[in-house]
Amino acid sequence: MTEPASSPAEPMMLAAEWLPEGPNGSLMTLSTLDDGAPDARTVVLSLIDTEGFHFHTDAASRKVAHIAADPRVALTILLAEQSRQIVVQGTAARVTSDEAAQAYADRSPYLKQLAWLNTHAFAALPEDERQDRWAAFAAEHGDDLAPAPGWIGFRVTPTRVSFWSGAPDTASRRLEYRRGPGGWETSLRAG
Ligand SMILES: Cc1cc2nc3c(=O)[nH]c(=O)nc-3n(C[C@H](O)[C@H](O)[C@H](O)COP(=O)(O)O)c2cc1C
């Protein structure tokens with residue numbers, strides 16, 4: 001556990017220490033508000049920067065409609081092997097199309113193609129047709145794909161970030177950062 005006295009002043013600095021980088025980066029649960037009711041799903045944590053946590057998705061998806069109506073979200077990032085968890089409360093806002101294009105370029109060939117074909121109409125097709133169309137699309141385009149039309153990115157700017165760590169020989173605890181009027185404030189909380 002990072003001791004509060006020696007912990008970074010900014011939560012994104014500690015997040016950068018905790019999170020693996022690159023294409024095998026982390027998954028996170030993104031929670032949104034559906035007219036006041038909670039909803040949640042897994043997304044890839046595409047990258048982090050000094051301002052927040054980024055994810056990418058389809059502009060036509062339910063989560064994007066939720067965020068348009070209420071940008072408040074939560075993120076839950078489980079780092080099971082390290083016995084750690086990061087929980088974020090914040091607000092989501094669109095990133096530039098240049099950044100979204102870069103994130104698309106970094107995705108695997110499978111995920112690039114998925115972004116093109118992942119529609120409700122495709123989901124409703126019989127399985128053999130889904131496979132045929134998937135193979136035909138791959139044969140036609142290969143890995144040379146521009147970002148899918150609906151591909152967009154969001155940055156979640158945190159207002160609160162909790163860093164939970166477990167230990168076999170003592171109680172788990174959280175180091176919590178809260179954005180206050182004078183900057184980030186930290187406190188220790190029970191795990
Ligand atoms: C391991 C895993 C990773 C996923 N990554 C993403 C992602 O990065 N972006 C995304 O839009 N959906 C991703 N999904 C699919 C979402 O969980 C979800 O089913 C989809 O985005 C539709 O969500 P919505 O209807 O709530 O908008 C992923 C699912 C799994 C299981």
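A residue is called buried when its relative accessible area is under 20%, exposed when that area is over 50%, and partly exposed in between. By this rule Ser-83, with a relative accessible area of 33%, is partly exposed, because its value lies between the two limits. The model described here is a predicted one, and the terms just introduced are used throughout the account that follows.

The protein contains six helices and nine strands. Of its 191 residues, 34% count as buried, and the C-alpha trace spans about 55 × 35 × 30 Å along its principal axes. Among the contacts in the protein with a separation of 6 or more, 59% are accounted for by residues that stand 24 or more positions apart.

Ser-83 is placed in the loop between strand E5, residues 72–79, and strand E6, residues 84–94. Although Ser-83 is not a glycine, its phi is positive, at about 55°. A positive phi is also found at Asp-35, again a residue other than glycine, where the value is near 55°. Asp-35 belongs to the loop between strand E1, residues 27–34, and strand E2, residues 37–44. With regard to accessibility, Asp-35 counts as exposed, because its relative accessibility is 81%, whereas Ser-83 is partly exposed at 33%.

Towards the end of the numbering given here, three strands are joined through hairpins. Strand E7, residues 151–167, pairs with strand E8 in the antiparallel sense over seven bridges, and the hairpin that joins E7 to E8 passes through two residues. Strand E8, which covers residues 170–180, is joined in turn to strand E9, residues 183–190, by eight bridges, and these two strands also run antiparallel. E8 and E9 likewise form a hairpin, with two residues between them. Individual bridges can be followed across these pairings: Val-161 has Tyr-177 of E8 as its bridge partner, while Leu-175 is partnered by Leu-188 in E9 and Arg-174 by Arg-189, also in E9. As a general point, the side chains of a regular strand alternate between the two faces of the sheet.

The helical part of the model can be described by starting from helix H4, residues 109–117, in which Gln-113 lies. Gln-113 counts as buried, because its relative accessibility is 5% and the limit for a buried residue is under 20%. When its neighbours within four places in sequence are left aside, Gln-113 is in contact with Tyr-104, Trp-134, Phe-137, Ala-138 and Leu-145. The buried residues in H4 are Lys-112, Gln-113 and Leu-117. Seen down the axis of H4, these buried residues fall within an arc of 125°, and they therefore line one face of the helix. In general, an α-helix has 3.6 residues a turn, so residues three or four places apart point the same way. The buried residues of H4 are covered by parts of the structure that include helix H3 (97–106), helix H5 (120–123) and helix H6 (127–141).

The packing of H4 against H6 can be described in further detail. The two helices pack at an angle of about 115°, with their axes 11 Å apart, and H4 passes H6 in a right-handed crossing. On the side of H4 the contact is made by Tyr-110, Gln-113, Leu-114, Trp-116 and Leu-117, and on the side of H6 by Trp-134, Phe-137 and Ala-138. Sorted by class, this contact of H4 with H6 has seven nonpolar residues, one polar residue and no charged residues.

Phe-137, which is found in helix H6, is buried, because its relative accessible area is 14% and the limit is under 20%. Apart from neighbours within four places in sequence, Phe-137 is in contact with Gln-113, Trp-116, Leu-117, Gly-142 and Leu-145. Phe-137 and Gln-113 are 24 residues apart in sequence, and their C-alpha atoms are 8.0 Å apart in space. For another pair, Arg-62 and Asp-128, the separation is 66 residues in sequence and 27 Å in space, C-alpha to C-alpha. Arg-62 lies in helix H2, residues 62–69, and is exposed, because its relative accessible area is 63% and the limit for an exposed residue is over 50%.

Technical notes: Residues are numbered from 1 along each chain as its sequence is written. This is a predicted model: local features need pLDDT of at least 70, side-chain atom pairs count only at pLDDT 80 or more; totals for chains, interfaces and linings use all residues. Side-chain values use heavy atoms; hydrogens and water are left out. Two strands pair if DSSP finds at least two bridges between them. Helices (H or I, at least four residues) and strands (E, at least two) are DSSP runs, numbered from the N terminus. Buried means under 20% relative accessible area, exposed over 50%, partly exposed in between (1.4 Å probe, protein chains only). Contact means heavy atoms within 4.5 Å. The arc is that of the directions from the helix axis to the C-beta atoms. Axes are lines fitted to C-alpha atoms, for helices over the stretch in contact, and angles run from 0 to 180 degrees between N-to-C directions. A crossing is left-handed if the near helix is turned anticlockwise from the far one by less than a right angle, and right-handed if clockwise. Ala, Val, Leu, Ile, Met, Phe, Trp, Tyr, Cys and Pro count as nonpolar, Asp, Glu, Lys and Arg as charged, and the others, Gly among them, as polar.
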